[in-house]
Every structure is written in C-alpha cells, then in structure tokens.
Amino acid sequence: MEGSLQIPAFNLLPSSLDFASVESRNVPAVFIGCIKNWRAFSNWNPSNGGLDYLQERVGSSTVEAMLSRSAPVFYGDLRSHERFIPLPFLFVGSLTIFRLYWFLVCFESERHGLAGSDAEQSNSLLGDAPQQIYLAQVPIMNVENDDKVQLATLIEDIQTPAFLETKTLASINLWMNSAQARSSTHYDPHHNLLCIIAGCKQVVLWPPSASPLLYPMPIYGEASNHSSVALEDPDFSIHPRAEHSMKHSQKVILHAGDALFIPEGWFHQVDSNDLTIAVNFWWRSNITSSLSEHMDAYYLRRILRRLTDKEMNQLLGENSAGMEKMEKHSCELPNNGESDNHESDLDQKCASKDLKGSKLKQRIMLHEVEPLALQALHKLVALVHDSVKVADRTEPVHSTSGNDSDVKVKSEQKRIVASNLFHLEDDPLAKILWTLEPLTLQNVFLAMVHNFPRTLEALILHLLSPVGAEVLTRKFEEMDQHITEEERNEFYQLFYGVFDDQFAAMKAILNGKESFALQAFKNVLDQYLGVNYDGPKPLVG
C-alpha cells in the first residue's frame, strides 16, 4: 500500500477546514470516539434499555430488511435476497418487509431468552429469520426520496458533525443487525461517514486503483458497484488476481463511538458483530458535484485512455525488470567466446560515436558495428531466417554474413508471425528491441539497411507483432530525442526506403501498435468494468 494512501486516525473531530484537506486527498480517515456526545449513543444503547427506547419511538414503523440466503454473508446482488412481510408471508423477490416491532422483539427474545407471547408470535412468523435479517440502509433522511423515509423521528438523536454542516447530504441511514453479518465487497457513489453507535465493525478497504484485483460486477448490472469475488471460499481459478487483493487492502476496527470516512469509489467489506447499530451519512463529493453533464463523454474518453495507457505500460513492464541486464550478459559476442569487459559502457557511447561526424547514408560495414549492436543484428537476422524456414522449408537460406536476397518473403507466402502476441516475454523480437538503447538500435537498423535490406523488410512486414510494434515506436520516440531533426529525417528516409511499398511498412507498424492498444483497452473493460469486449479484431498487415 502506497504511503500516501495510508489511513490516518484522529482523536478529535476535525474542523470544516481540516476535514476539507482530508476529503480532498480521497483517502479514508478514522475519528475515534467522536460521536459519544450523541443522544443516540446513550438512548440506543442495548445494554441500557436502548431497544425498548427504539421500540417506543419507531416500533410501529414499516421498514425494509434484507433476508440473505447465504447468511451471515449479504451479497450485493439482489438475487441472493428474499422479500416477505410477517402477516401474511408474501414473497416479492429481493427484500424483507416487516414491522420493526417484530424485529426488536426478536432482539429482546434472543438477548433475554424470553418465551412470552410476543416472542413466540414473532418467532413463529419469522422462523430463523433473526439470524438472517439485516436492517441495511433504512432511511432516516433522504433528499431525493422523502416519501421513502421510514425512521425520520430518529434524526432528533443524531448530531450531524460540524464538518458536514456545509455539505449537501444525500441521506442518513440506519444499519442494524441481530447476529453476525458480513457485507460483500463494494464501493459507494458518494462520500460516506460511518458512525458506530453500538457494537463493533471491522472494515477492510481497497483504493479504487485495486479494482482489477476485485473483479467488479459488469457496469450495466444492478450490482455494478459490488465485487464478484465470493467472501466464503473464493475460487482463485476463476478470479486469479483476487489472490493478491489483500496485499493492497487496509483493515480498520471500529468500536462504539468511532466514525470512519470512506471516500467515494473506495471498495470496502464490513463484518458486524452481534447486535451492532450504526448510522451513516452520504453526500456528493466536490469532484462529482462539479462535473458538468455535457462533459461526461469527454471525461469518459479521457479516463479510459488514461487507464489504457497504464495497462499498456503494465503489459510491457510485467516481466521486463532486469530483462535488459539478463539479455546483455546471457549472450556471447562473436569473438571466439571472449567477452568484452566494457560491453555495457559501449552500449550507448559507441552508438553516439558511430553517428556523430559521419553521414548516415555512408555504408556501414559489419566489422565497424559496435559489439552489442552486432549481437542484436545477428539475433534479428537469425529470427527472420528461422521464420522463413518455418514458412517455407524449401526456400534456401544463406548465412547472415552473406547476401540476404533469398530472405525476402514473397507476397503469396503465409504470414509468419501470430498476431496475438501482446506480452513482452512472449515475443523474442520485441525482447531484443526492448533491451537496446535507442541509438544502438539505430545502428542495428542502419546496418540492416546497408547489408540486409530484405531481412529488414521481412522483419517489419511479417514478424512484427502488436507488442513488437509498440516497443519499436517507443524506441523511435526515444531515438528522436537523441538526434537532430536533420538526422531524424535522414534516418527515416533510409529506413523506409528499404521497402518496395513504404506505406505498407508504416501501415504494418501502426496497425500493430493499435492492435496492442486495443488489447490493453479490452483488459481495462474487463478489469475495471467487468465487461468482455468482442469488438473489432486486431488489425493485421
């Protein structure tokens, strides 16, 4: 977990100004003992007659409660819940509607072991429901749906923290359970202040950046803000990334009187002890409130592009750490097995020396090529020759030190490279390009231009995979930063001048690069939105 995302704890409630700095960081924060001055903290205390007090205040109210088929786990998908009313039973499909009076009587009967008529009647109606029900998100105040507010009179016992008085609250809700309960991992579209009045809750939190590890439900679904990974016995063969999710989480224990700020978008999973009562406040963040609807499409594209760029970097960087060092020291120079003690120093210096003070168009002889460039050249030529052998075993293949006229791949031949190479470690050609400094790579290509033009043509047109195209264009961009505009123009004139059809070469590189980006985009849709995209097929050739 990044240091900037560590959850701080405060012993005092912050001022509005101090909380503004907490809120702007979009990182959770714990406020210890901050609501002990609420009337609810004393009036609702179950050990001090709090349930009798609640029964007197709201015992006749009709509320909605969740009845889980997978108790004690309450998943966000409504298909895992049922709906019924006590008199008579009525299955509606997703929630349980019954009078809070019966709910409170169940609490009392469990706590005191009562066998009176009320307890017997409630138990006969609800059966084992007290162990399965959960009063979740019962409205005490709701701006958008005032008609659905069920427990409005309880707001008199709640003291809105001073730092929220300037906020436009969306709702205040009651959360209450009679037995241990576990909520599924989810995020909320609002900022959230969770206040514990009685009992204890454990909250595990993940930043929004951990979404790929939590496999969010499809964005178009009714439970799109919930993780699809099961809390009980998760199947890592189905959700392999989830096996590492806890490394990116933080755990908070909240006791009666404590509060937790949960920013919008932060995934959280909550475990509640027996007989836990809590209240939460939801309000829109400043960022969400300031979004203009006519800009949504633009922001959507910007964010998707940003995530796609990040995924592209991860596809290249997953196993590239140390790859350059490994490649340089795993290959012997073509000098009878004797290694050059200064080969790493020659990597960039020799490249610069070869280019400075000489014109690029001057033919580069193989014996003039720096050692590392010569290594890479031999590897690349060998890759092309080996691929030609596979494509047409009857085609004669000459030594890399001779003429490469026989290497040219005829247009009617089958394309050599598979088009679905998107990971650096899967593509030997991309790995060679990745390990070279940009100016060393320029020397390699110039040597191919002057000595193996047909091999270079075959390499670009027939061996360049999507990840190879992405690596190549990145190396070109790095190369451009090291040479003058005149040298750039001259190099690209020589490079593309090798091809009978220069536009075909450019098309092969750009199509491969876009195919790589398309795969990264598909990964983003899957990891962040839970959507499998079968859009246009990767562009080839």
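Which helices are included in what covers the buried residues of α8? Keep that in mind while selecting, in turn, the whole chain and then two of its helices.

This is a predicted model, in which local features need pLDDT of at least 70 and side-chain atom pairs count only at pLDDT 80 or more, while totals for chains, interfaces and linings use all residues. Residues are numbered from 1 along each chain as its sequence is written, and side-chain values use heavy atoms, with hydrogens and water left out.

Begin with the whole chain, where 17 helices and 15 strands are found; these are DSSP runs numbered from the N terminus, helices being H or I of at least four residues and strands E of at least two. Of its 541 residues, 49% count as buried, that is, under 20% relative accessible area with a 1.4 Å probe and protein chains only, whereas exposed means over 50% and partly exposed lies in between.

Next select residues 296-317, helix α8, whose 22 residues should span 32 Å at 1.5 Å a residue and whose end C-alpha atoms are 31 Å apart, which agrees; the expected span is 1.5 Å times one less than the number of residues. Colour L304, T308, E311, M312, L315 and L316, the buried residues of α8. Viewed down the helix axis, the buried residues of α8 fall within an arc of 130 degrees, so they line one face, the arc being that of the directions from the axis to the C-beta atoms. On the other side of α8, R302, I303 and R306 are exposed.

Now add α12 (428-435), α15 (466-480) and α17 (502-529), which are included in what covers the buried residues of α8.

Conventions. Contact = heavy atoms within 4.5 Å.
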